[in-house]
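Reader: I should be grateful for a close look at one loop residue and its backbone, followed by an account of the elements around it and of the chain to which it belongs.

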Amino acid sequence: MDYNSIVGQKHRSLKGKNIYLRPPGYDELEYIQWLWMDEETMKEVGRSISLSDEQIEKWYRRMVSPGSETDYYCLIFDLNDTPIGEISFHRYNAKAKTGQLNIKIAAVHRGKGYATEAIYLLLGYYFFEFGGQVMEDLIVLDNIAGQQLLLKFGFEHDSLVDDGFLVRMTKEKFRELYNEDEYFMRLAIDLAYQSRQNGEDPFGAVLVYDGMLMCQSEDKSLRLSDPTAHAEINVIREYCQSNKKISLEGFTLYSSTEPCVMCSGAIHWARISKVVFSVSQEMLWQSSGGHSKPKCNEILNMGRKKVAIVGPLLPDEGLEVYRGYEFVPKIKRHKMFF
Ligand SMILES: [Zn+2]
């Protein structure tokens with residue numbers, strides 16, 4: 001079953017280096033029931049839990065589809081698509097912007113660093129996309145491994161609470177400890193994959209302000225019959241038009257591939273402050289056999305106003321999008337869309 005058809009695009013998968021997270025499909029409830037009943041997995045959290053089919057269906061409607069505004073639940077998968085555990089946040093308080101973390105790695109998959117990566121991905125989503133400010137976890141006192149894991153991750157222990165081991169991570173601390181450029185770049189790369197799947201060229205871009213995702217897009221040139229509808233142009237146009245803005249000063253644009261001449265021009269006119277890219281123009285033309293194109297730095301930093309440029313960032317992951325991809329002229333592909 002295609003989970004996207006059940007839970008919609010807002011529940012896309014969150015991709016990491018060794019694992020990915022996504023909400024479960026209805027046909028994966030059996031795995032969740034198994035996970036909660038597995039004695040070895042559950043003994044640290046207290047005891048195993050057994051739910052009837054009716055109870056688990058009710059749980060699924062509340063947590064996943066249609067879900068709620070206050071909870072977000074994902075299964076964790078390794079890159080062979082094997083489920084290895086679960087991660088979620090609960091009881092989000094929109095006023096205080098706090099949520100409660102839950103993570104369980106099946107006992108057979110522990111000790112491989114999966115938990116740390118899953119927490120990084122979930123917190124990235126929570127702080128950078130969902131809008132949370134504080135994540136807490138009240139860990140049972142006997143679960144020493146769980147306490148150590150979160151302390152090592154950077155959570156702080158609140159010693160005033162004594163009915164459990166309460167740890168807390170703020171968005172500010174998370175941004176200090178972890179590289180948000182990598183989080184947003186993986187999102188841009190993921191959009192490039194989607195773009196390729198949709199029959200467009202493999203490009204994606206996201207627009208970010210103060211550690212918060214503001215807009216995302218893929219290349220839409222063919223389906224819009226618009227040769228200028230590159231991912232970078234799309235995010236600038238969509239965001240500015242829908243927010244009645246003419247300047248994006250202070251914004252960062254993440255692009256799966258170094259912006260072309262046209263997009264660099266648009267970035268200049270939009271007054272974007274920082275550009276981060278994965279695959280450089282040079283890498284692109286070396287792998288595609290095309291001609292050399294100017295670097296975005298040559299266009300963006302010609303004048304007095306300077307734009308910070310970071311890249312290539314995660315170029316191996318960015319280049320993966322092009323594996324086996326052949327650039328066929330758009331004029332030959334365009335008619336397939338209509
Ligand atoms: Zn472009």
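Author: Lys244 is found in the loop between α9 and β11. The model is a predicted one, and the description below applies to that model. The phi angle of Lys244 is near 50 degrees, a positive value in a residue other than glycine. Lys244 counts as exposed because it has 6 C-beta neighbours inside 10 Å, and a residue with 12 or fewer falls in that class.

The helix that Lys244 follows is α9, residues 231-243. Its 13 residues reach 18 Å from the first C-alpha to the last, close to the 18 Å expected at 1.5 Å a residue. Within α9, the residues Ala231, Glu232, Ile233, Asn234, Val235 and Ile236 are buried. The buried residues of α9 pack against two helices, α8 (180-197) and α10 (261-270), and against the strands β9 (204-209), β10 (212-218) and β11 (251-257).

Two of these strands, β9 and β10, are linked by the loop that holds Asp210. Asp210 is exposed, since 9 other C-beta atoms lie within 10 Å. The C-alpha atom of Asp210 is separated by 7.9 Å from that of Gly250, although the two residues are 40 apart along the chain.

On the other side of the Lys244 loop, β11 leads into a further arrangement. Together with α10 and β12, β11 makes a right-handed β-α-β unit. The strands β11 and β12 run parallel and are joined by five bridges, and Tyr254 stands opposite Val276 in β12. Strand β12 comprises residues 274-279; five of its six residues are buried, so the strand is largely enclosed by the rest of the structure. β12 also runs parallel to strand β13 (residues 308-310), to which three bridges join it. In that pairing Val275 stands opposite Ile309 in β13.

A second residue with a positive phi belongs to the loop between α10 and β12: this is Arg271. Its phi is about 60 degrees, although Arg271 is not a glycine. With 14 C-beta neighbours inside 10 Å, Arg271 counts as partly exposed, whereas Lys244 counts as exposed.

The loop after β13 has a backbone feature of another kind. Pro312 lies between β13 and α13 (315-320), and the peptide bond that joins Gly311 and Pro312 is cis, with omega about 0 degrees. A cis bond is also found from Ser65 to Pro66, where omega is near 5 degrees; Pro66 is placed in the loop between α4 (53-63) and β3.

β3 belongs to an open sheet of eight strands, in the order β1-β2-β3-β4-β5-β6-β8-β7 and with mixed pairing. The edges of this sheet are β1 (14-15) and β7 (156-157); each has a single partner strand, so one side of each is left without a neighbour in the sheet. Inside the order, β2 (residues 19-22) pairs with β3 (residues 72-78) in the antiparallel sense over four bridges. The bridge partner of Ile19 in β3 is Asp78.

Ile19 also takes part in the surroundings of α5. Leaving aside neighbours within four places in sequence, Ala118 is in contact with Ile19, Leu21, Ile76, Ile87 and Ile103. Ala118 is one of the residues with the most contacts inside the largest nonpolar core, alongside Leu122, Ala188 and Val206; that core has 79 residues. Helix α5 gives the most to this core, with 12 residues. In soluble globular proteins, nonpolar side chains tend to be buried together. Of the 17 residues of α5, 13 are buried, so the helix is largely enclosed by the rest of the structure. The end C-alpha atoms of α5 (residues 114-130) are 22 Å apart, which agrees with the 24 Å that its residues should span at 1.5 Å each. Just after α5, Gly131 takes a positive phi of about 105 degrees; just after α9, Lys244 has a positive phi near 50 degrees.

These parts belong to a protein chain with 14 helices and 13 strands. For 338 residues, a compact globule would have a radius of gyration near 20 Å, and the 22 Å of the chain agrees with this. Its C-alpha atoms fill a box of roughly 60 × 45 × 35 Å along the principal axes. Of the 338 residues, 35% count as buried. Among contacts between residues at least 6 apart in sequence, 58% join residues at least 24 apart.

Key
Residues numbered from 1 in each chain as written. Predicted model: local features only at pLDDT ≥ 70, side-chain atom pairs only at ≥ 80, totals over all residues. Expected span 1.5 Å × (residues − 1). Buried ≥ 20, exposed ≤ 12 C-beta atoms within 10 Å, placed from the backbone. Contact = placed C-beta atoms within 7 Å. Pairing = 2+ DSSP bridges. Right-handed = clockwise from strand over helix to strand, strands pointing away. Rg over C-alpha atoms; globule rule 2.2 N^0.38 Å. Core = buried A, V, L, I, M, F, W, Y, C linked by C-beta atoms within 7 Å.
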